[in-house]
Amino acid sequence: MFQAFKTSLCRFIPQCTNEPVLQTGCVYQTVRWRKRRTDPIAKSKIGRVRVPTPIDPAEYKFSLEKWDEYNILINAIRSHCIQDHRRKNKETAAGVSLEEQSRKDEEEWQKLLLWNTEENAKTRQLREARLREEAKREEEEKLQALIQIEKEEAAWLAELEELVKKEKEASKSYITLENLDENIEAALAEEKSYLFGIDKNGKFTLPENTAWTELKERLEQKERQQNEPQEKTETA
Amino acid sequence: MPMKGKFPLRRTLRYLERGNVYLRDTVKIVTINYNTLGETHKGARDFVFYNLPQLQYKNQNVQMQTFKNLTPSPFIRCFLNDGDEVLIDIDSKSNTSILEHVKKLLGKSEDILSAERKAREKKTNPANFGREFARECICQVPGQVPCPSVVPLPKN
């Protein structure tokens, strides 16, 4: 009677039922939920007045005040004990106490840091050597460049000097104001015939016994220069 | 669907899972300084390109930052828990040697990793019940006797 089973099909079980539902779909009702609040009072209980539970006021006050404190303390002790227990289990499992393990770890870490600094020092040395080499090479290149510039300058100056020399030599035959009259006289006295031929190849045919002596010399020199490389190529 | 980017294989799970450097728990930030040009920075560039994704994948709670074209020589600087700093000079090193260096200095050793793996297995082991495990009581397993706090056990 106090334990009433009510079977129902699974799909008719309401989702928000207060009664626990077994895996098979049975709704199982217990004594606690037999009488609802809205149900009428039993005949034997009409007129019953509840006697309030006896409370010692001093004890009650003390409890209220000290309950939180007590809870805090107890929970702290409990968690401490649990942690201790766990730690001991871990230590026994690992075979080494926690302090020693942490000390070992610290030692290893310091060793690794030392190794790292050594590696860094090696890399630094390599880098510095490389930079020194590069600086040397740069210096040499700069020096070479300077030397080259000097050489070029010297060559240029030499060229200029030659030009100046040539001009100086040529200037000996320049016509200046001093020897203007003489040159005019000489030119008038000379008979330079401009009637000479020139063929397709640019070769002059100068007349015999002319005053074009300089031109003749130059042309002969040019011919000689042209003939020389041809001979060289033939022999090669 | 299509593979995006320069070397899209780096974005595949298969590639990322191949990373084998697990950094220590004390390492919080890893910064890498390198230049985009220069023969001495090539190793650092390769490290950032090929190995950093793998490293980040395996250490997702570590901040990894790169700085480009700030210093003449490349280096890695790591910031640890208590404000400590670790500097690794990676001038003219290949990316494999850099990775090895990082693994040796900042990586978890094999025994630590195996211990962690064991602990994880313990957690995933379905035979264990308790507060830190998947199920607190066997009554939570479907097909077993329901919790006596909800359904009283039969009298027999």
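This is a quick talk about how chains A and B meet in a predicted model, plus one residue inside chain B.

Okay, the interface first. On the chain B side, 20 residues are in contact with chain A, and chain A answers with 15 residues of its own. Together the two chains bury about 1,600 Å², and 57% of that sits on carbon and sulfur atoms. So who supplies the area on the B side? Asp89(B), Lys104(B) and Leu105(B) give 29% of what chain B buries against chain A, more than any other three residues.

Now the polar part. How many salt bridges does the rule find across this interface? There are 4. One I'd pull up on screen is Arg86(A) with Glu132(B), where the closest N and O atoms are 3.9 Å apart. The cut-off is 4 Å, so that pair counts as a salt bridge. For polar contacts, the count between the chains is 8 residue pairs, with both residues at pLDDT 80 or more.

As for where this lives on chain B, strand β4 (85-89) and helix α3 (95-106) each supply at least two residues to the side touching chain A. By type, that side splits into 9 nonpolar, 4 polar and 7 charged residues.

Last stop, Asn35(B). You'll find Asn35(B) in the loop between β1 (27-34) and α2 (42-58) of chain B. Buried or exposed? Asn35(B) has a relative accessible area of 15%, and the cut-off for buried is under 20%, so Asn35(B) is buried. And what does Asn35(B) touch, leaving aside neighbours within four places in sequence? The contacts are His41(B), Arg45(B), Asn69(B), Leu70(B), Thr71(B) and Pro72(B).

Definitions and conventions. Residues are numbered from 1 along each chain as its sequence is written. Chains are lettered from A and ligands numbered from 1 in the order in which they are written. This is a predicted model: local features need pLDDT of at least 70, side-chain atom pairs count only at pLDDT 80 or more; totals for chains, interfaces and linings use all residues. Side-chain values use heavy atoms; hydrogens and water are left out. Contact means heavy atoms within 4.5 Å. Buried area is the accessible area (1.4 Å probe) that two parts lose on being put together, summed over both. A salt bridge is a side-chain nitrogen of Lys or Arg within 4 Å of a carboxyl oxygen of Asp or Glu. A polar contact is a pair of N or O atoms within 3.5 Å; within protein, one must be able to donate a hydrogen and the other to accept it, and residues adjacent in sequence count only if both atoms are side-chain atoms. Helices (H or I, at least four residues) and strands (E, at least two) are DSSP runs, numbered from the N terminus. Ala, Val, Leu, Ile, Met, Phe, Trp, Tyr, Cys and Pro count as nonpolar, Asp, Glu, Lys and Arg as charged, and the others, Gly among them, as polar. Buried means under 20% relative accessible area, exposed over 50%, partly exposed in between (1.4 Å probe, protein chains only).
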